[in-house]
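I opened this notebook to record how the parts of one structure meet. The entries follow the order in which I looked things up.

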Amino acid sequence: MKPELLAPAGDLEKVKIALLYGADAVYIGGTKFSLRARASNFSLVSIKEAVDFAHSIQKKIYVTTNIVPHNSDLLDLDQYLLDLERCQVDAIICSSPYIIDRAKTLTHLNIHLSTQLSVTNSLLSNYWYNYGISRIVLARELSLEEIKTISHNTLSELEVFIHGGMCVSYSGKCTLSNYMSNRDANRGGCAHSCRWKYDLYHLDTKISEDFDFQMSSKDLETLAFIPTLMDLGISSLKIEGRMKSIHYIATVVSTYRMLIDDYDLRQIKPISFYENEIKKAENRLTSFGFMKGITTPLQQLYNMRSEEPTKEFVGIVLSYNQETKQAMIEQRNYFKPQDILEVLSPTQIPIQFQVGDLYSEDGLLLDAARHPLQIILFQSDLDLKPYDLIRKVF
Amino acid sequence: MRIVATLKSMDEIEHLGNIGVDVFLVQTNYFTAKAVYPFSLSEIDLIVKKVKQMQKSIYILMNTMIHETDLVELHNYLSILNKMNVDGIVCFDMTILVASKEHNMEHLMIYQPGTMNTNGYDSWFLHQFKIKGMTISKEITLEDIIDISSNHHHLEISLVGHGYLDMFYSRRPLLTNYFSFKGEKIQNYLSSTSFYLKEEMRKNEEYPIVEDRFGTYIFRSKKLSSFQELGVLKPYLTDLFLERIFMSDDEYYQAIKAYQNESLVSSFFNTYNKLYDSGFYYRKTEKIKGENE
């Protein structure tokens with residue numbers, strides 16, 4: 001059986017993009033009880049809309065209720081859990097015993113254990129399974145060998161992070177942000193102090209140069225490990241990044257979707273093919289995290305290096321008229337007539353084309369698509385679909 | 001309320017006992033992270049005997065994350081500790097609570113995860129493990145601490161109330177990786193307490209950093225003191241832990257004495273005040289920037 005591909009989403013558009021581009025399930029945060037406070041803007045109405053959309057295409061929505069609550073955060077929890085059940089969300093992701101126990105008492109919601117609890121062994125995962133938790137999200141500090149042993153010894157479903165940003169500390173164990181900026185890392189306010197620049201001293205001697213001691217890690221990228229994770233029977237493969245763009249989500253999700261399906265059909269391409277697809281989105285530099293064991297300098301992000309995407313996202317298709325062959329797109333970045341563009345589609349591998357004349361919504365000929373969110377029309381022989389993404393080839 | 005102090009050497013037991021330490025917290029060569037004064041199993045045997053002769057108590061510190069490959073050693077270690085007549089085991093990872101059940105040792109466990117015991121319900125949840133106690137998280141307010149402590153459920157409640165508290169625990173060997181990246185040949189840096197960080201925008205603050213075989217730890221720039229809050233806290237707490245790392249023996253001894261004798265607090269502060277703060281006792285953290293304004 002193929003594992004679930006689980007993607008993040010920070011708003012409804014991203015939910016739809018993630019699901020259309022191949023995710024089996026999406027996790028979102030409500031306005032309360034969720035980490036990533038800045039990325040959590042789903043009201044109950046929009047949660048319900050997300051669930052209805054997902055269920056209409058036989059997919060799932062999970063809601064994060066994963067803060068480590070202080071006393072003042074406990075108000076209104078019961079009603080919120082009942083509301084989530086009424087919205088028919090497929091699971092909640094928790095780290096607090098209080099939230100878990102209230103959900104068990106009041107609802108029939110499936111409960112997944114958040115990586116905030118940093119489960120690193122089968123003894124603890126089996127404890128939580130027997131406590132009524134259907135799925136454990138494993139800590140991101142585990143090697144493939146450790147994941148392998150845990151999966152052999154555990155009873156619960158396991159979820160493994162496969163792509164995206166990583167905490168530098170064990171999750172849930174860090175209060176850098178609390179102490180340095182008063183923002184509570186375990187209640188959704190993390191200021192990412194581990195990504196700031198530091199100087200290192202030994203006694204009175206400065207060892208570093210110009211604040212080049214950085215703890216920041218490269219993003220996780222595990223394309224080469226997916227076949228093994230699938231062979232192990234891992235239930236869910238999770239992509240991180242609720243604050244990422246729709247282009248990032250579409251690119252990363254569709255690439256892992258392709259890889260999972262190809263491996264399932266025993267038609268896997270060279271890993272470099274999938275790596276090149278991922279590189280088309282904006283990424284930090286990537287590495288395989290702890291997959292091969294304790295990290296080395298190769299997994300660290302010194303000098304704040306970042307990777308330029310090999311493709312630039314320039315627009316999203318709103319509609320396509322098959323009779324007139326006219327495409328209507330919403331602009332996201334600058335492009336101009338005669339540029340070589342590429343279509344990223346949920347249903348086929350990327351196809352390149354040269355764009356001709358560009359027109360505004362009311363028919364004015366344009367020398368370029370300059371304005372974000374501007375509606376742009378052009379002729380295309382390709383049969384474009386709503387939610388296809390258009391990107392520029394350099 | 002008992003004073004729990006970290007033991008540095010066998011020779012120190014009598015002195016610490018005499019200045020008012022009730023419980024000796026012992027770091028070992030097994031499952032103790034950032035251990036500056038680790039003891040062997042045979043030494044622990046002797047410490048137990050000596051401490052019991054003084055009618056004091058001994059806790060063993062187990063503050064590493066427990067990975068899958070640690071499970072066999074964990075059970076072996078608990079079996080040995082079970083025969084040692086220790087009074088408590090301070091554990092960071094909930095795995096140890098689960099494992100202790102197999103050894104009928106739940107009654108010795110004090111759950112001290114650093115960050116996760118943050119609300120009044122946690123003691124109710126932990127009560128099902130039939131453990132000895134829990135240590136309240138280090139990033140919450142005095143008001144919340146009192147609220148949690150006054151509503152606990154048959155658990156001993158403790159607090160780490162003094163010294164440099166850690167605020168970060170990574171499995172990554174961050175010093176090793178950095179030195180390797182820079183091509184620096186630095187000697188004897190593992191478990192060294194001589195390194196610290198300065199952040200680009202906070203150049204007056206020094207954050208100690210330590211790496212050992214379990215990972216890397218970063219500490220607050222100021223030591224926490226609880227002298228001013230002791231009167232309020234005392235009725236609620238069973239144990240007050242005093243952290244020792246990065247502290248001179250003299251400062252540690254003076255702090256222990258001042259927690260017994262209020263009249264010594266001002267002279268303690270006259271000597272050491274600028275390096276201390278009140279942590280989160282009066283600082284409510286925010287979920288979103290500006291929330292508390």
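The entries below cover the chain interface, the sheet and the domains of chain A.

**Entry 1. The chain interface**

I note at the outset that this is a predicted model. I looked up the contact between the two chains and found 56 residues of chain A in contact with 52 residues of chain B. I then asked which elements of chain A each supply at least two residues to the side that touches chain B. They are α4 (97–106), α5 (122–130), α6 (144–153), α7 (176–181) and β8 (198–202). The largest share, five residues, comes from β8(A). By residue class, this side of chain A divides into 28 nonpolar, 19 polar and nine charged residues.

**Entry 2. Strand pairing between the chains**

I turned next to β8(A) and its partner in chain B. Strand β9 of chain B (residues 195–199) pairs with β8(A) in the antiparallel sense, over five bridges. For A:His202, I found B:Phe195 as the bridge partner in β9(B).

**Entry 3. The sheet**

Which strands form the open sheet, and in what order? I read six strands in the order β9(A)-β8(A)-β9(B)-β10(B)-β11(B)-β8(B), with antiparallel pairing. The edge strands are β9 (205–206) of chain A and β8 (166–170) of chain B, each of which pairs on one side only.

Within chain B, I checked β10 (residues 202–212) against β11 (residues 215–219); this antiparallel pair has four bridges. In that pair, B:Ile209 stands opposite B:Ile218 of β11(B).

I also looked up what packs on the sheet, and found helix α7 (residues 174–182) of chain B. This helix touches β8 of chain A as well as β8, β9, β10 and β11 of chain B. The direction of α7(B) makes about 100 degrees with that of β10(B).

**Entry 4. The domains of chain A**

I consulted the domain assignment of chain A, which gives domain 1 (4–187 + 218–300) and domain 2 (311–393). Taken over C-alpha atoms, the centres of these two domains of chain A are separated by 32 Å. How many residues does each domain bring to the contact? Domain 1 of chain A brings 12 residues and domain 2 of chain A brings eight.

On the side of domain 1 that touches domain 2, I found that α1 (12–20) and α9 (246–264) of chain A are the elements giving two or more residues. Of the elements there, α9(A) gives the most, with five residues. The residues of this side of domain 1 divide into five nonpolar, five polar and two charged.

Methods. Residues numbered from 1 in each chain as written. Chains lettered and ligands numbered in written order. Predicted model: local features only at pLDDT ≥ 70, side-chain atom pairs only at ≥ 80, totals over all residues. Contact = placed C-beta atoms within 7 Å. Nonpolar A, V, L, I, M, F, W, Y, C, P; charged D, E, K, R; others polar. Pairing = 2+ DSSP bridges. Domains from an automatic or database assignment. Axes fitted to C-alpha atoms, helices over the stretch in contact; angles between N-to-C directions.
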